[in-house]
Amino acid sequence: MNRTTLSLIAAATALAAVTGFAFLSAPADDGRTAATATPKLLPVERTSLVCPAPSVSDLADTTYTSFTPAGDTPGGSTASTAELAASSVTSADPDAAATDDKKDDTNKDDTNKAGDKKAGDKKADAPAKAFLTVKAPGAPVSKTADGADTPALVGTATGRLAPGWTTQQSTVDSVGGARGLLGLSCTAPDTDFWFPGASTDKSRQDYVHLTNPDDSAAVVDIELYGKNGALKSEAGEGIPVPARSSVPVLLSTLTPEASEDVTVHVSTRTGRVGAAVRAADDTAGSDWLTTSAAPAGTLVLPGIPADATDVRLVAFAPGAEDADLKVQLAGADGTITPAGKESLHVKSKMTASLDLADVTKGEAGSLILSPAQSNSPTPVVAALRVVRGKGSDQEIAFIPATGPITARASVADNRAKGSTLSLTAPGEAAKVKVVASAGSGGGEPAEKTYTVKAGTTLDVTPPVPGGLKGQYALTVEPQSGGPVHAARMLALPEDGVPMFTVQTLPDGRGTVYVPTAKEDLSILGD
């Protein structure tokens, strides 16, 4: 095989590791049959995750649970690692962040505009000692951290620990108006994120956390969109994020405009980051808002609790066309249209919202957004702000739109009590297997198969490992039927406050399409 073909195949394989798909057809330069590379589905061999700094409270307690599901062992892979370590630079303290903002303002030309060069010139410190290490597929590990000094974490899994690797970060903060249970599945680094449902209102303190897992600097732009379009902002351009570092940015410092509903767009000029929004409400608690699924004409937002007292939909159309959306609720018995809340008009590049109140009315459900006219879909992103409780005992959580599970998806940090799994089949009926791992401190795995009727949401208490000790993970695997969307609610009530958090389960991306060469080598020379 000639060197050109080898080089092209190597390049396509590298591309597949990043994009999930590659196809190659190499030209033969000697008149013989060309070598072609056809895609083959294989387990991924490398996965990265970032976990933002969890809290600014000295009384916060954070539990980390990390897990790789069993199976999908990469062929030929020997060394396997899955470790999370502290980032080298972290400032989640609002006062420290404010000080940094003032420094940036006094020398803006040297930081934002020249950020690419200065951040790029800074070399990364030596990697920190591992904080949490997964040792074997199917066996979760947990560790706790206390106080405001807990840093952001960055990590990589390789070999047989890479496919489907996930880590849950759960923080209980019981002090102040913004107290609550803050949870998120640590995110994979990327170059583009959408966060509908954020706010720059005076009652909110929303920080977008930017975490760089790599050994070179990243440069990030943050755009904010309110109900009338883009919010005036200059400070969100060219934000440098040094290597293996985390930078929190208070959204209200980026614009003088106070807006109740804001869509945040995070994109990178160079490098990649993990991004998540820590939203805190003065009276309704706090939680993490994670990125919405990629813009699409039809979206599913699964896992609205049965006892939700207030639900607010926030949507954004990033393209040049307006979107007219049909709003439906998939409940236990079928799909309905909420009375008086049948549709939402979303203008191009403007944030729209719809107050759905107590839409579930005692029956858990999932929201389905689709084009009002099926022949004219306009891509949108969306998220829900969900409230449980009333008065001073309120607590908020966020549910972003999420894609279907194509192979399997896992969520860590489930407890003996407090976990609820929502499974939604927006189209055809589906059969789903749910596997509960052993506990982080011991126990026997368990599994159960569920049938989700067409157009419904099935809300279940998931299987619990026998003899459970510690936290455990759930893995959802569709077996047959139509697409399935899923979410897990973790509820840890405290002093009358219904503290809870909801994590959606996008597909675990445990496999990747890699090209394989097809050529009759016997007819080729050197």
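# Strands, cores and two loop residues

Let me start with Asp495, a residue in the loop that runs between E38 and E39. The model I am showing is predicted, and I will come to its confidence values shortly. Phi of Asp495 is near 50°, which is a positive value in a residue other than glycine. Is Asp495 buried or exposed? With a relative accessibility of 72%, Asp495 counts as exposed, because the cut-off for exposed is over 50%.

Now the strands on either side of that loop. E38 covers residues 485-491, and it pairs with E39 in the antiparallel sense over five bridges. One pair to look at is Ala487, whose bridge partner in E39 is Thr504. Both strands belong to an open sheet of four, with the order E35-E31-E38-E39 and antiparallel pairing. Which strands stand at the edges of this sheet? They are E35, residues 456-460, and E39, residues 500-504; each has a single partner strand, so one side of each is left without a neighbour in the sheet. On average, neighbouring strands here are turned by 20° against each other, direction ignored.

For comparison with Asp495, take Arg244. Arg244 sits in the loop between strand E16, 239-241, and strand E17, 245-250. Its phi is positive as well, about 45°, although Arg244 is not a glycine. The accessibility, however, is another matter: Arg244 has a relative accessible area of 11% and is buried.

Next, confidence. The protein chain has a mean pLDDT of 86, and 82% of its residues reach 70 or more. Where does pLDDT stay under 50? One such stretch is residues 1-29, for which the model has 49 contacts beyond four places in sequence. Over residues 519-526 the pLDDT is also below 50, and that stretch has 11 contacts beyond near neighbours in sequence. Where pLDDT is low, the predicted coordinates should not be read in detail, so I will leave the contacts of these stretches there.

A second open sheet, also of four strands with antiparallel pairing, has the order E8-E4-E10-E11. At its edges are strand E8, 141-146, and strand E11, 180-185; as each has a single partner strand, one side of each is left without a neighbour in the sheet. The twist from one strand to the next averages 15°. Within this sheet, E10, residues 166-173, and E11 make an antiparallel pair over six bridges, and Thr171 stands opposite Leu182 in E11.

Then there is E9. How many of the six residues of strand E9 are buried? Five are, so this strand, residues 153-158, is largely enclosed by the rest of the structure. Strand E3, residues 46-51, pairs with E9 in the antiparallel sense over six bridges; in that pairing, Thr47 has Ala157 of E9 as its bridge partner. Strand E5, residues 82-86, is joined to E9 by five bridges, again antiparallel. There, Leu84 has Gly155 of E9 as its bridge partner.

In the loop between E4, 61-67, and E5 we find Thr68. Thr68 has 0% relative accessibility and therefore counts as buried. What does the side chain of Thr68 reach? It reaches the backbone oxygen of Leu161 at 2.7 Å. Setting aside residues up to four places away in sequence, the residues that Thr68 touches include Val134, Pro137, Arg160 and Trp165.

Last, the nonpolar interior. Nonpolar side chains tend to be buried together in soluble globular proteins. The largest nonpolar core here has 32 residues, and those with the most contacts inside it are Leu313, Leu367, Leu369 and Leu384. Beyond its neighbours within four places in sequence, Leu367 is in contact with residues including Leu313, Val327, Leu356 and Leu384. A second, separate core has 28 residues, among them Phe193, Leu210, Ala275 and Val277.

Leu369 brings in one more residue, Leu325, since the two are in contact. Leu325 is placed in strand E23, residues 323-330, and at 2% relative accessibility it counts as buried. Other contacts of Leu325 include Gly297, Ala315, Leu344 and Val380. Leu325 and Gly297 are 28 residues apart in sequence, with 8.6 Å between their C-alpha atoms.

Terms used:
Residues are numbered from 1 along each chain as its sequence is written. This is a predicted model: local features need pLDDT of at least 70, side-chain atom pairs count only at pLDDT 80 or more; totals for chains, interfaces and linings use all residues. Side-chain values use heavy atoms; hydrogens and water are left out. pLDDT is the predictor's confidence in each residue, from 0 to 100. Contact means heavy atoms within 4.5 Å. Buried means under 20% relative accessible area, exposed over 50%, partly exposed in between (1.4 Å probe, protein chains only). Two strands pair if DSSP finds at least two bridges between them. A polar contact is a pair of N or O atoms within 3.5 Å; within protein, one must be able to donate a hydrogen and the other to accept it, and residues adjacent in sequence count only if both atoms are side-chain atoms. Axes are lines fitted to C-alpha atoms, for helices over the stretch in contact, and angles run from 0 to 180 degrees between N-to-C directions. A nonpolar core is a set of buried Ala, Val, Leu, Ile, Met, Phe, Trp, Tyr and Cys residues joined through side-chain atoms within 4.5 Å.
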